[in-house]
Amino acid sequence: MGKILKHRYLSLFILLIVFLELMGFPQFVYASQNCNSSGNKYPIVLVHGLGGFGRDELGGVIKYWGGVYDIQEYLKSRGYEVYTVSIGPVSSNWDRACELYAQLVGGTVDYGAAHAAKYGHKRYGRTYPGLIPDLGKIDPKTGEMKKVHLIGHSMGGQTIRTLVQLLAEGCEEERNYSQENVSPLFMGGNNWVKSVTTISTPHDGTSLADYYYNDPKSVTWRQHLIGLIASTPLSDNSNLKYDLKLDQWGLTYKKEESTYEYLKRIINSSFWMTNRDLANYDVSIEGAAELNSWVKAQPDVYYFSWATQATTKSRFSDYQVPIWSMYLEGWQSAYFMGSYTRNIPGKIPVTSEWWPNDGAVNVISQNGPKINSNDRIINFDGNPVPGVWNFMGIMDTFDHRDIIGLGTYWNPCPWYLKHVELLAKLPTDYISIPKDIEEDIILDRDCMPDNEIGEFINDDNNYVDNHNSSLDDTTSDEITEKMREVNDRESSVDREVYNDSNDINPGLSEPGENKDYESDCAR
């Protein structure tokens, strides 16, 4: 009886917090405006991190992207095409990338036969209609390829990196595995992503994993925390449940199953302790190093990284302590990370350089992958450079949740708008016509970028070869038909990307330490 009352009091407390937030913040309706993008009009996709949720989950009252504000709708009101995805909140980056792919282009999630066999879960997941079904297609009138900008918070940054890697290079293990209908995701050759933006992402993992995930006593705490979220009164309604999206493991809500029964099955599942195909391993330092061993920056993709910090040096020691405004749950984590070191044989050392943090992720880990990676990181100077990490800087006094608008009075929408405006000024990509198609395509130059963010404009020679050639001998219908042929066989066409960006390389930093890890694309 005492446990029931305790649970009810806790549930009422959670509802009270939601009520107070609703009383403290108005629900905003944003006036529509037309964006003045002179570079590209690619859609924006927001990808949540560990423990994240979709727009309609938990009643849709609080948004992961914005809290009581709504970053997606704010950006849409400014004329941008924006989508928010909802993928496995505790799943591995591999599984989440496969889910993200299916949600973008449509179809049934295919985790790969080799991967599913290796980790002991189902190959197929849920089916989605597709948010951007024409992603990667070529406009037959302009030759423009439909690309996307991916923005990921926390673990979401690792996930979008994984997706870009699989799209570009596929997975040889999946291609060589005895299976039918190999997913196009694993075939490679799909350069569909224009930019990657990571915010508070543990590119080199977080030392917090040693506390929350490697301590056997904390495993029970973690399971109960996830179960608590899933079993609040809000989740009694099917539209308000917190969806863990663990279908591949057989851990879905069963018909007429109570949240308590669902929680019990999750807690009793052995996969928490015996499997590396989960988020708790991927965000660890060793898990991130393994991911970095095969997920590399692609030369034609623009990479941006933002860091957050909400700790400061203690007055009494060299340790880092949380600032007063950090979210309460982050204080204990911040104290741990702000003083934790390790020098264990067989593990990556953790020194005092790891102490500054945002309550969940160490600052040193957020600018880009360094451990077991040859990716290069530069400080952003106003001129975006493709193929390297453009580090945008540290958002000081911002904790891990502040930056997405959760638990704060700060309105994050204008900050995201400013960054999206930068992305929109990146040059549009056009696809060269294969040699067997000699007709040229007239490009619409009204969408090319200006000089506001750097020296993007080059001379006319950088446009598609002979773009001013005459089309007198070719009808528009013939060109359209030939471009459709290109779309149909795009996986076999050597597609060369042309844009107007200068080859800027302002002193790249040295690559990070490269340790010997087994490279396995079927993580």
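Helices and strands are DSSP runs, of at least four residues (H or I) and at least two residues (E) respectively, numbered from the N terminus.

**Figure 1. Overview of the predicted model.** The chain holds 15 helices and 13 strands. Of its 523 residues, 57% are buried. Among contacts between residues at least 6 apart in sequence, 74% link residues at least 24 apart. The accessible surface amounts to about 23,600 Å², and carbon and sulfur atoms contribute 51% of it.

**Figure 2. Close-up of C98 and C171.** The search of the whole structure returned 0 disulfides. C98 takes part in no disulfide, and the nearest cysteine sulfur, that of C171, lies 9.4 Å away. The cut-off for a disulfide is a pair of cysteine sulfur atoms within 2.5 Å. C98 is buried because its relative accessibility is 1%.

**Figure 3. Close-up of C413.** The relative accessibility of C413 is 0%, so this cysteine counts as buried.

**Figure 4. Close-up of N181 in a loop.** N181 sits between helix 6 (172-176) and strand 6 (193-199). Its phi is positive, about 55 degrees, although N181 is not a glycine. With 64% relative accessibility, N181 counts as exposed.

**Figure 5. Close-up of N372 in a loop.** The loop that contains N372 runs between helix 13 (328-337) and strand 10 (377-379). N372 is a residue other than glycine with a positive phi, near 60 degrees. N372 has a relative accessible area of 3% and is therefore buried, whereas N181 is exposed at 64%.

Conventions. Residues numbered from 1 in each chain as written. Predicted model: local features only at pLDDT ≥ 70, side-chain atom pairs only at ≥ 80, totals over all residues. Heavy atoms only, no water. Buried < 20%, exposed > 50% of the residue type's maximum accessible area, 1.4 Å probe, protein only. Contact = heavy atoms within 4.5 Å. Areas by Shrake-Rupley, 256 points an atom, 1.4 Å probe, with all protein chains shown as cover.
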